[in-house]
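Got the model open in your viewer? Let's take a walk through its pockets, one selection after another.

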Amino acid sequence: MTRTYVVTGSASGIGATTAQTLRDRGDRVIGIDLKNAEVEADLSSHDGRIDAAARATELAGGVIDGVIACAGISAPISKTISINYFGVTELLEALQPALAAAKAPRAAVVSSMASLQPNSKEMVEAALSGDETKTLAVADAVVAQGPEVGYLVYPSSKRAIARWVRREAVTPTWAGAGIALNAVAPGTVITPMTQQLLATEEGRAMVDSAVPMPLNSHQPAQSIADVLIWLTDEQNTHMAGQVIYCDGGADATLRGDDIWSWND
C-alpha cells in the first residue's frame, strides 16, 4: 500500500537517498529543502518551519504516514542548532496532527554519533527547554571562542535531539496517538558534508579516532536510509523512543557496557 512521506533535507545526502528509495518502492514523497524540493523552505527559522509544515500538510491532503527528518548541517555556527534541533522539533510538532490522522503513523529523525561527544550542557538544556532565543545566545558565546570550540554546537544539537526523541516518544502526543517516534545515529557517512574531510589521510585519521568503525568502515547514505525507512514503515509496530546507532560498531567501541549503568 502506498504511503505518503515527508522527508526533510531531501535534496542531498541521506535525505536524497531516503527520498529516492521511497519513490523507487512506490511511495509518495514530499521533500523539504532549501531548493530542488516539493516544498522549498528554510528550517533555520520559526516562520520557515511553520510554513513548510503547512504546505506539506496541504500537499498531503491532511494525512501524512511518515516523517523522516534528515536536514542538518555541521558548521561551527549558531544556525547549526537552529536547523538540527528546532528545525526538527518544531516541524514535527506542526506535522503531528497530519500524522495522527494516518492509520499507521511513524516519524524518525537523524541524530549522530556526535551526540556522544563533548558538548555544551547549557546549550543542550536551553534547547530542551524550547527557548530558541536563549539557545542561540549560548551558541553565539561558544562560537565566539573560535571554530574549534564552536564545533561544540554540532554535538550539542545532536545530543539535544536524541534526548528530545526519548523524552517525547512515550508521551500522549506521540505514543498515545499511535505515532512511533525514533532516531538513527549514523557513524561516518560518505556524503557531500564529509567528502572534503575524508579526502585526506589526515582528515580520515581524525574522523576515525573520534568515530571508530570496526565493521566495514565509512558507510554509504543508503545504510542509514534503509534504517530510517524501516522505522517509519508499518512493520515497526512497537519500537519507540530509541536512538539506533547504525555506526559500524562505534557506539559499542566507545561506550562498551555503560548503557546499563543508570540502574546500577
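Here is a tour of two pockets, with what to select at each stop.

Keep in mind that this is a predicted model.

**Stop one: the largest pocket**

Start by selecting Ile73, Ser74, Tyr154, Met193 and Thr194, the residues that lie nearest the centre of the largest pocket. The full lining runs to 43 residues, and the pocket has a volume of about 1,300 Å³.

Now colour the helices. Which one gives the largest share of this lining? Pick α8, spanning 192-198: five residues of the lining come from it. Then add α1 (13-24), α3 (79-100), α7 (153-168) and α9 (201-210), which, like α8, each supply at least two lining residues.

Switch to colouring by residue type. Across the lining of the largest pocket you'll find 25 nonpolar residues, 14 polar ones and four charged ones.

**Stop two: the second largest pocket**

Next, move to the second largest pocket, which holds about 540 Å³ of space. Select Arg166, Val243, Tyr245, Arg255 and Ile259, the closest to its centre among the 16 residues that line it.

Keep α7 on display, since you'll want it here too: α7 gives the most to the lining of the second largest pocket, with five residues. Bring up β9 (243-246) and α11 (250-255) as well; each of them supplies at least two residues of this lining.

How do the lining residues of the second largest pocket divide into nonpolar, polar and charged? Colour them by type again and you get seven nonpolar, two polar and seven charged.

How values were computed: Residues numbered from 1 in each chain as written. Predicted model: local features only at pLDDT ≥ 70, side-chain atom pairs only at ≥ 80, totals over all residues. Heavy atoms only, no water. 1 Å grid on protein atoms, 1.4 Å probe; cavity = no way out; pocket = protein on both sides within 12 Å on 5 of 7 lines; lining within 4 Å. Points joined across faces, edges and corners; volume = space filled by probe spheres on them. Helix = DSSP H or I, 4+ residues; strand = E, 2+ residues; numbered from the N terminus. Nonpolar A, V, L, I, M, F, W, Y, C, P; charged D, E, K, R; others polar.
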